[in-house]
Structure formats: structure tokens, C-alpha cells
Amino acid sequence: MNWEVIIKWLPRLAQGATLTLELVAIAVIAGLILAIPLGIARASRSWYVRAVPYGYIFFFRGTPLLVQLFLVYYGLAQFDAVRSSSLWPYLRDPFWCTVLTMTLHTAAYIAEILRGALQAIPKGEIEAARALGMSRARTLVHIMLPRAARIGLPAYSNEVILMLKASALASTVTLLELTGMARTIIARTYLPVEIFFAAGLFYLLISFLLVQGFKLLERWLRVDASQGR
């Protein structure tokens, strides 16, 4: 193991790790915002309310993220309406194409997590809120969503880790995130073992920090205590 080479290229790998964190942070936060109405609609008793989010979730969960990324990055450019629109400066940028794809992809999974969490809420809690005169909207905002957040947080943390690892696909559309930067360095040094080993350590470190952060958040929300009752 050539440690001198690893140390030499650590700053460049750190730059790639920073871009990786930007991609994941934007995607999981925007995906969560998009997933809230989708998850609520999926938990509805009316089939016509569930139909549209079901189709969306079925597509993004049923196709690989790499295919979705290619459809956005290469496919949208084929339409004249897209190239002439005000969004074209963003949709021709690999960073924003990757963010858009990752957001749409993770939103489908987070919506299913939220649906399961909403359906796991004991009916007695909802009936108690309605008995106190709370409307459906107030019950959803003040009772159901906070409760669902506690129930679904462990699964959401897993989804964030999965998106961290999936972000490596961004290198296929010329982005120099952590994996893309590692491949660029390997093309110069011809030392794949050392460079990929260093990149793997960065992924492990980021994953460790994320896991510890979510553990602290779960402890603060008393997830374990609430689920154990």
C-alpha cells in the first residue's frame, strides 16, 4: 500500500466528498418535502387519491437509478421545448440533473416509508384527537405527522445511507464527486487499489457520522421508548 500517494491525493478526494455531501443533502431534504404529500395521498382510503402517487412510486422504485439518471441527463435534451425553456441552463448541468434524479428517486422511497408510518399509528390516538374536536387537518399536522416521523425515522436514516452510496452513479455523467474524483486520480496514477481504498474510507467516515447523527436524533425523539410501549 503506497501511503504517500494516498496522503498526496487526500485533498482532491476531500473535494469530491464535499460534492457528494452536497448532492445527498439536497436530494434527501428535497425528496422528503416532495414525499410528504405523496405519502399522505398513498395512505388515503380513496383509490383515486392513491392512483397518481402509486404510479409515480411504482415507476421510480421499479427502475434503476442509473437508467433514470440517463433519461434525465441525456433524454431531456432531445426535446426542443426543454432546450428553449428557462430551465435549460439547469437541465444541461450534470449537477442539477443528478440532484433532480436523486430527489425524484428518493422521494418515492420516502413516500412509502411515510405511508407505512402513518398506517402504523394506533387508531386509538387518532380517535382520541377526533374526540377532542380536532379537525382532520389538525389531527394530521399535530398528531399523525409527528408520530409518523418518530416511527419512520430509522427507515429514513437507512434511505439516506443508501442515497449516499447511490451518489457514486453521478460519476457516469461527468461529475467529480467522490467516486468520479477517485477515477480521475486513478487515470493519472494507475494505482486503483490505493485510491479506491482511500475513497472507501471517506464513504465509511461519512456513513459513520450520519449513523451517529440519526442515533442522536432518535434518542432525542425517544423513538425507542415510544416503540417499546
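How do the residues of the lining of the largest pocket divide into nonpolar, polar and charged? There are seven nonpolar, three polar and five charged. Keep that mix in mind, since other hollows come up below. One thing to know before going on: this is a predicted model.

## The overall layout

Let's start with the whole chain. It has 11 helices and zero strands, so in this case the pattern along the sequence reads α-α-α-α-α-α-α-α-α-α-α. The C-alpha atoms fill a box of roughly 70 × 50 × 25 Å, taken along the principal axes. Out of 229 residues, 41% count as buried.

## Two pockets and a cavity

Rolling a probe the size of a water molecule over the atoms shows where empty space is left. Here is what turns up in this model.

| Space | Volume | Lining by class |
|---|---|---|
| Largest pocket | about 670 Å³ | seven nonpolar, three polar, five charged |
| Second largest pocket | about 290 Å³ | 14 nonpolar, one polar, no charged |
| Largest cavity | about 40 Å³ | six nonpolar, three polar, no charged |

Take the largest pocket. Its lining is made of 15 residues, and Ala 43, Arg 45, Ile 126, Arg 136 and Met 144 lie nearest its centre. Helix 6 (94-120), helix 7 (123-131) and helix 8 (136-166) are the elements that give two or more residues to this lining.

Now the second largest pocket. It is also lined by 15 residues, and the closest to its centre are Leu 32, Leu 114, Ala 148, Ala 149 and Tyr 156. Two or more lining residues come from each of helix 1 (3-42), helix 6, helix 8 and helix 10 (192-221). Which helix gives the largest share of this lining? That is helix 8, with six residues. As for character, the lining of the second largest pocket has 14 nonpolar residues, one polar and no charged.

The cavity count, with a cut-off of 30 Å³ or more, comes to one. Around the largest cavity you'll find Leu 65, Leu 69, Thr 98, Thr 101, Met 102, Ala 166, Ser 167, Leu 169 and Ala 170. Helix 3 (65-75) and helix 6 each supply at least two residues of that lining, and helix 6 gives the most, with three.

## A helix with a bend

Helix 8 has turned up in both pockets, as an element that gives two or more residues to the lining of the largest one and as the source of the largest share in the second. Where does helix 8 bend? Look at Gly 152: the helix bends there by about 55 degrees, and a proline, Pro 154, follows within four residues. The end-to-end distance fits into the same picture. Helix 8 has 31 residues, and a straight helix would reach 45 Å at 1.5 Å a residue, but its end C-alpha atoms are only 37 Å apart.

## The nonpolar core

In soluble globular proteins, nonpolar side chains tend to be buried together. In this model, the largest nonpolar core has 41 residues, and the members that touch the most others are Leu 13, Leu 23, Tyr 56, Tyr 156, Leu 178 and Ile 195. Helix 1, helix 2 (47-62), helix 6, helix 8, helix 9 (178-189) and helix 10 each supply at least two residues of this core. Helix 1 gives the most, with 12 residues. You've already met one of the core residues: Tyr 156 is also among the residues closest to the centre of the second largest pocket.

## A few residues to look up

Two loop residues are worth a look for their backbone angles. Thr 174, in the loop between helix 8 and helix 9, has a positive phi of about 75 degrees although it is not a glycine. Tyr 190 has a positive phi too, of about 60 degrees, and it is not a glycine either. You'll find Tyr 190 in the loop between helix 9 and helix 10.

Are these two buried or exposed? Thr 174 has a relative accessible area of 57%, so it counts as exposed. Tyr 190 is exposed as well, because its relative accessible area is 68%.

Finally, find Phe 58 in helix 2. With a relative accessible area of 58%, Phe 58 is exposed, because the cut-off is over 50%. The C-alpha atoms of Phe 58 and Ala 108 are separated by 8.0 Å, while the two residues are 50 residues apart along the chain.

Note on methods: Residues are numbered from 1 along each chain as its sequence is written. This is a predicted model: local features need pLDDT of at least 70, side-chain atom pairs count only at pLDDT 80 or more; totals for chains, interfaces and linings use all residues. Side-chain values use heavy atoms; hydrogens and water are left out. On a 1 Å grid over the protein atoms alone, a cavity is a set of points where a 1.4 Å probe fits but cannot get out, and a pocket is an open set with protein on both sides within 12 Å along at least five of seven lines; lining residues have an atom within 4 Å of a point. Grid points are joined across faces, edges and corners, and a volume is the space filled by probe spheres set on the points. Ala, Val, Leu, Ile, Met, Phe, Trp, Tyr, Cys and Pro count as nonpolar, Asp, Glu, Lys and Arg as charged, and the others, Gly among them, as polar. The expected span of a helix is 1.5 Å times one less than its number of residues. The bend at a residue is the angle between axes fitted to the seven residues ending there and the seven starting there. A nonpolar core is a set of buried Ala, Val, Leu, Ile, Met, Phe, Trp, Tyr and Cys residues joined through side-chain atoms within 4.5 Å. Buried means under 20% relative accessible area, exposed over 50%, partly exposed in between (1.4 Å probe, protein chains only).
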